[in-house]
Every structure is written in structure tokens, then in C-alpha cells.
Amino acid sequence: MSSERAAGTRSGDDPLLRVDGLTKHFRDGGGFLGGVSLNVGDDGPLVSRETESVRAVDDVSFEIREGETLGLVGESGCGKSTLARAILRLIEPTDGSIYFRGEDVAEMDTEELRAQRKNMQIIFQDPQSSLDPRMKVGPIIEEPMKAHGMYDKEGREERARELLEKVGLDPQHYNRYPHAFSGGQRQRVNLARALSVNPDFIVCDEPTSALDVSIQAQVLNTMRELQAEFGLTYLFIAHDLSVIRHISDRVAVMYLGKLVELADKEELFENPQHPYTKALLDSIPVPDPRASGTRGVLEGDVPSPIDPPSGCRFRTRCPELIAPRGRLDPSADPADPAYEVTYDFSETEWRNVREFVRAVDRHTFDPAGERELRQQFFADAEPTGAAGRVVDEAVSLVLEDAWDEAAELLVSSFSDQSICALSDPQYVVEPEHGDGPHYAACHLHREA
Ligand code: SF4
């Protein structure tokens, strides 16, 4: 992606921020990772494999135009917060560029970066821990102004009081301590502090996740009003799609360190093109009391970012994995025509095989016998030829209770041979809503 135009961008626009091929890998599983919320499972791969590289963010590219809000969504641990911190260089990127008003933040020295930080602020999720309990809120709001040598003492106090009012608090609260405020009010104090230095760009890292739903809406509305008044640009991170829908102009979806989809808000919600985005949308709770909670859930675990799947990172959970055309048979002589095996699946056969592979891989059924097993998975269509022989062998292994061997055979013969495993998808598709570009990292669009 880094050599191409950033995902989902309009040619001709002058972005405020352009992120190009941004990558962040961690080499050490020590305490430094504690704050970046990496989903590496409970079995502690970071502890036992300290020297391995955790690929938290991989080759991410996008742009944000002045005055817009780009929503960034994905499951916990997908790399959203790491990406945000790398953009602001709160952590050092491993690779890539971050152009802010055309200047590469990744190349700035300490002094240039300090000056630039005035323009690029961040608000964190937990309003409690980001406010020093020993300081009154007035001085808390003044701190960034002081650090950047803005105004004299009176000027800073005047601005702090003015900002308290702008964010919906009473200027008289200047002398109160953070503990005297509710969660929503504390997040408003954080907002005032971020605004104090007149930034152009604010990264909002799950700023309303810790708040009650009714308070969330109020804070979001205040943020929108402030955006209009001060001409702010937001990168708004959330795992809650309803919050993203409320606040964003465009939406980017992240999965396991990669950007998988980016489009205008309406286009993304009404015409999602990536199976992961569709699964996320299907997981939104349904307000209808007669419906049963959610419409669908994502199956399987997120793989470890230490050793992510090749090609499309979503492929181990994707319900639409594309049928492989064939494979090479390592047991045959390369000169032998049998070395290259060709599969010839009908759509139904492949759907059944795909279900069977997943069920064996996750050991989700208990076969009573061969007839029942074939009835369960291949009642309407069973592959023949080379694919059929693999299925037959896997069925025998399952019936012998050799689940791991069966799973390995199926995955290596089918899943690992799909284009989804062999190449990293990057496509731009025709939007149905609006005229903004629609980026979808899915091989289902390879004809686009
Ligand atoms: S590239 Fe393949 S595995 Fe990835 S989302 Fe598309 S269909 Fe699914």
C-alpha cells in the first residue's frame, strides 16, 4: 500500500494528515506493551516468545481531510490505539511516514516534534486516570499552554475559564479538584485541556467508552459543536459502531493490525464490502425486543499478532473464504503431472468443504459414524476428484479421532491454497452512496 495512493482517498484533495505505510512492530513483551492493549491471548506468548516480533500495526495508509472526522473501528486489540500513538509519535513507528500539513512527523527531531504536538492533541479513554488528582482543573487545563509558552499567567487563567464554559462546564469550577466531577465532566475537562493550545487535529482514543450511554451522547454532541466552532479534525477511535456512526464522516475498519475497509460513513454502513465489516455490523445489538440480542457473531479467535495469517489476515475467521483452484502436491515428483493438483468445486461443494474444514479445525462436532458425518456436511453436494480424495482422507482421520492430522490436511490442502492466503488484498470498489472512494481489502473484489 505504501507505494500506492493511501486507502480511500480522493485525488486532488490536500489532506491535513496523510499516513503512508505506517508500521509498528514490538520486539519485547515487557511492561512497555502493557499500555497498548494487544490481544495476544491468555497463554502468554509475549512472555515465552520475547524476541518475536508483535506486528501490532502493518503497512497502514490513509488520509484525513481538514475539518472531517475519521472513525476508526475494530475489535479490542486490533491495533487502533497503537496506530494512534504511532501517528503522534508517542511511540516510535517501525516504518512508514506521517505527513501533517505536508511535513513528515516521522522524520522530525525532538524540538520539531515538541512544537508540532501543539497542533496534534490526544484524548484518552479513562478521564479519571488522565487527570492529576492533586491538581485543580484550572491549572490542569493551563498545563499545555504553559508547556508551549502560550500567554501570561492571567491570560492562561482567562482562557482556561473560557474553555470550561465552551466544553459545557461552569467557569467557577476552575478551583475544583477532578474528584468533584462526574466521569462525563472529567472528560469535558480533558477536552478543554486538549483545546487549550488551539490544535488543528485531535486523536480521540475511545473517549466515551467509559461513560454511560446518555452521557456519551452529550459528550459526543459537545465534541461536534466544538469541531464546528474551532474547525477541528478528529481521528475518532471506538469499538462501538453506533458511536462511530454518530460522530464520523468517513469510517476505517481495522483488523489484526491492518486496515480492511475505508469509506464514507453512509457507504460503509449501507454498502459494506468486507466480510469483517459485515460481521461487525451484524454484531450490533438489535433494538427490537422480540429479536434475540445480536444478529450474528464473529466466529473463532483473533489470531496472534506475533504470527498473523498470510495474505488476508481475516481468512481464518472469514465465512466467505474463496475456493482454491488447486495446489502443489509436495509428495509427488515436480516432473510428475500429479505434482499440480487442480480442484473443480461447484459453489455448493466449496461451501460444504469450507464448513467442514472449520468444524474439524475447531472440533465443533462429534461424529456418530461416516454416514452421519457425510450427511451433516455433504448432504447436498460433495466434491469429487482431487478435492474429494482429500475430503475422504480427512473423514477417515476424524473417524480415527486424529483431529489434528485431519485439520492440518484440510487447511494445508484447501484454506492455505486460497488466493485469500496467497496474496494481500487491496482493492478500490465503486461506491453506491456518495462519490467518495471505497477501499476494501478483500479478494472478492478482484474483478473490480
Ligand atoms: S480476502 Fe478472502 S478471506 Fe479475506 S475477507 Fe475476502 S474473502 Fe474473506
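This passage describes the sheets, a helix pair, two loop residues and the ligand surroundings of a predicted model.

Residues are numbered from 1 along each chain as its sequence is written. Because the model is predicted, local features need pLDDT of at least 70 and side-chain atom pairs count only at pLDDT 80 or more, while totals for chains, interfaces and linings use all residues.

Helices (H or I, at least four residues) and strands (E, at least two) are DSSP runs, numbered from the N terminus. Two strands pair if DSSP finds at least two bridges between them. An open sheet of 8 strands follows the order β6-β7-β8-β3-β9-β10-β14-β13. Its pairing is mixed. β6 (120–123) and β13 (427–429) stand at the edges. Each has a single partner strand, so one side of each lacks a neighbour in the sheet. From one strand to the next, the twist averages 20 degrees (axes are lines fitted to C-alpha atoms, for helices over the stretch in contact, and angles run from 0 to 180 degrees between N-to-C directions).

Within this sheet, β9 and β10 pair in the antiparallel sense over 6 bridges. Ala252 has Leu262 of β10 as its bridge partner. The two strands form a hairpin with 2 residues between them. In the turn, Leu256 has a positive phi of about 45 degrees. β10 is also joined to β14 (residues 438–440), by 2 bridges, and these strands run antiparallel. Here Leu262 stands opposite Tyr439. A residue is buried if 20 or more other C-beta atoms lie within 10 Å of its own, exposed if 12 or fewer, and partly exposed in between; C-beta atoms are placed from the backbone. In β10, 7 of the 7 residues are buried, so the strand is largely enclosed by the rest of the structure.

Helix α10 (residues 275–282) has buried residues too: Pro275, Tyr276, Thr277, Ala279 and Leu280. Their cover includes α8 (241–247), β9 (250–255), β10 (258–264) and α9 (265–270).

A further open sheet has 4 strands, in the order β2-β1-β4-β5, with antiparallel pairing. Its edge strands are β2 (54–64) and β5 (103–104), each paired on one side only. Strand β1 (residues 17–26) is joined to β4 (residues 95–100) by 5 bridges. Among the partners, Thr23 bridges to Asp95 in β4.

Helices α11 (residues 347–362) and α14 (residues 403–413) pack at an angle of about 145 degrees, with their axes 8 Å apart. The contact (C-beta atoms, placed from the backbone, within 7 Å) involves Val357, Val360 and Asp361 of α11. From α14 come Trp403, Ala406, Ala407, Leu410 and Val411. By class, the contact residues are 7 nonpolar, no polar and 1 charged (Ala, Val, Leu, Ile, Met, Phe, Trp, Tyr, Cys and Pro count as nonpolar, Asp, Glu, Lys and Arg as charged, and the others, Gly among them, as polar).

Two loop residues other than glycine have positive phi. Asn198 has a phi of about 60 degrees. Asn198 lies in the loop between α6 (183–195) and β7 (201–205). With 15 other C-beta atoms within 10 Å, Asn198 is partly exposed. Glu206 has a phi near 50 degrees. The loop holding Glu206 runs between β7 and α7 (213–230). Glu206 counts as buried, with 21 C-beta neighbours inside 10 Å.

Around the ligand are 14 residues (C-beta atom, placed from the backbone, within 6 Å of it). Cys312, Arg315, Cys318, Cys420 and Cys442 come nearest. The shell has 10 nonpolar, 2 polar and 2 charged residues.

Technical notes. Contact = placed C-beta atoms within 7 Å.
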